[in-house]
Amino acid sequence: MIKFWQKRAELGILTEDVAIEEELKAIQKEIKEQVKKKFAGSLAIRMVDSGSCNACEAECNALSNPYYDLERLGIYFVASPRHADVMLLSGLMTFNMTPHALEAYEQIPEPKWVITLGDCPVMQAPFEQTFAIKAPAENHLKVTHHIAGCPPTPIEIIKGLLEFLRKI
């Protein structure tokens with residue numbers, strides 16, 4: 001066991017990418033400033049899955065881990081749309097989920113914004129238009145910003161949130 005720890009101490013951290021770390025720190029600093037200025041330090045996001053494969057949700061879960069930790073930047077995921085400022089919509093707008101997504105949107109107090117996440121809500125996913133698919137989301141909701149990717153990585157999501165904050 002001692003040999004393992006000696007080797008570990010000699011090698012150091014092998015997975016760290018200094019350029020990404022510095023870029024992420026700069027982005028996080030600006031996000032924190034934008035949230036403080038535009039949302040009094042607390043931006044509440046209600047995530048709505050309107051028929052996805054859950055890949056986007058898995059990437060959003062990573063935003064709560066200690067590495068990205070959106071909560072220290074003032075961004076929180078909330079359980080109720082009544083507590084939210086922003087709806088983060090992932091997945092295709094399916095026939096069965098469209099009324100529920102619209103209901104969640106109506107419950108968000110004004111002013112409210114919609115951010116679409118991933119390729120599905122904008123119909124760039126490999127699905128054909130059928131009776132069961134009501135995409136794109138912009139046909140049903142006023143979309144403020146889109147974060148592209150299938151699925152977008154946590155860093156792409158953070159960059160997308162920063163672009164949204166700059167836009168409003």
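Is Lys32 buried, partly exposed or exposed? I began with this residue in the predicted model, and found Lys32 to be partly exposed, with a relative accessible area of 46%. Lys32 lies in helix 2, and once I set aside its neighbours within four places in sequence, the residues in contact with it are Arg72 and Leu73. I also looked up a distance to Ile133, which stands 101 residues from Lys32 along the chain, and the C-alpha atoms of the two are separated by 37 Å.

**Entry on the sheet**

I turned next to the strands, and noted an open sheet of five strands with parallel pairing, in the order 2-1-3-4-5. Strand 2 (75-77) and strand 5 (145-147) stand at the edges with a single partner strand each, so that one side of each has no neighbour in the sheet. From one strand to the next I read an average twist of 30°.

I then went through some of the pairings. Strand 1 (residues 43-49) and strand 3 (residues 86-90) run parallel and are paired over five bridges, and here Val48 stands opposite Leu89 in strand 3. Strand 3 is in turn joined to strand 4 by five bridges, again in parallel, and Leu89 has Thr116 of strand 4 as its bridge partner. Strand 4 and strand 5 also run parallel, joined by three bridges, with Thr116 opposite His146 in strand 5. As a reminder to myself, strands of a sheet pair through backbone hydrogen bonds, either parallel or antiparallel.

**Entry on strand 4**

How many of the residues of strand 4 are buried? I found five of the five to be buried, so strand 4 is largely enclosed by the rest of the structure. I sorted these residues by face, keeping in mind that in a regular strand the side chains alternate between the two faces of the sheet. Trp113, Ile115 and Leu117 are buried on one side of strand 4, and Val114 and Thr116 are buried on the other, which leaves both faces covered.

**Entry on the helices around the sheet**

Strand 3, helix 4 (residues 98-107) and strand 4 make a β-α-β unit, and I recorded its hand as right-handed. Within helix 4 I looked up Thr98, which counts as buried at 7% relative accessibility. Not counting residues up to four places away in sequence, Thr98 touches Met93, Lys134 and His140.

Helix 5 (residues 154-167) lies across strand 1, strand 2, strand 3, strand 4 and strand 5, and I noted that it runs at about 165° to strand 5.

Helix 1 (residues 2-11) gave another picture, for it is hardly covered, and the count of buried residues among its 10 residues is zero. After helix 1 comes Gly12, for which I read a positive phi, near 75°.

**Entry on the aromatic rings**

How many aromatic pairs does the model hold? The count comes to four, taking rings as paired if their centres lie within 6.5 Å.

One of them joins Phe39 and Trp113, whose ring centres are 5.5 Å apart and whose planes stand at 80°, so I entered this pair as edge-to-face. The pair links distant parts of the chain, since Phe39 belongs to helix 2 (residues 18-39) and Trp113 to strand 4 (residues 113-117), with their positions 74 residues apart. Phe39 counts as buried at 13% relative accessibility, and Trp113 is buried too, with a relative accessible area of 19%; the cut-off for buried is under 20%.

Another pair is formed by Tyr67 and Tyr68, which I also entered as edge-to-face, at 4.7 Å centre to centre with 85° between the planes. Tyr67 is partly exposed, with a relative accessible area of 37%, whereas Tyr68 counts as buried at 12% relative accessibility.

Which residues do ring pairs link into a cluster? I found Phe39, Trp113 and Phe164 joined in this way.

My last look-up concerned a charge over a ring: the charged end of Lys112 sits over the ring of Tyr105, and I noted its distance from the ring centre as 4.3 Å.

Methods
Residues are numbered from 1 along each chain as its sequence is written. This is a predicted model: local features need pLDDT of at least 70, side-chain atom pairs count only at pLDDT 80 or more; totals for chains, interfaces and linings use all residues. Side-chain values use heavy atoms; hydrogens and water are left out. Rings of Phe, Tyr and Trp (its six-membered ring) pair if their centres lie within 6.5 Å; planes under 30 degrees apart count as stacked, over 60 as edge-to-face and the rest as tilted. Helices (H or I, at least four residues) and strands (E, at least two) are DSSP runs, numbered from the N terminus. Buried means under 20% relative accessible area, exposed over 50%, partly exposed in between (1.4 Å probe, protein chains only). A charge sits over a ring if NZ of Lys or CZ of Arg is within 6 Å of the ring centre and within 35 degrees of the ring normal. Two strands pair if DSSP finds at least two bridges between them. Axes are lines fitted to C-alpha atoms, for helices over the stretch in contact, and angles run from 0 to 180 degrees between N-to-C directions. Contact means heavy atoms within 4.5 Å. A crossover is right-handed if, with the strands pointing away from the viewer, the path from the first strand over the helix to the second runs clockwise.
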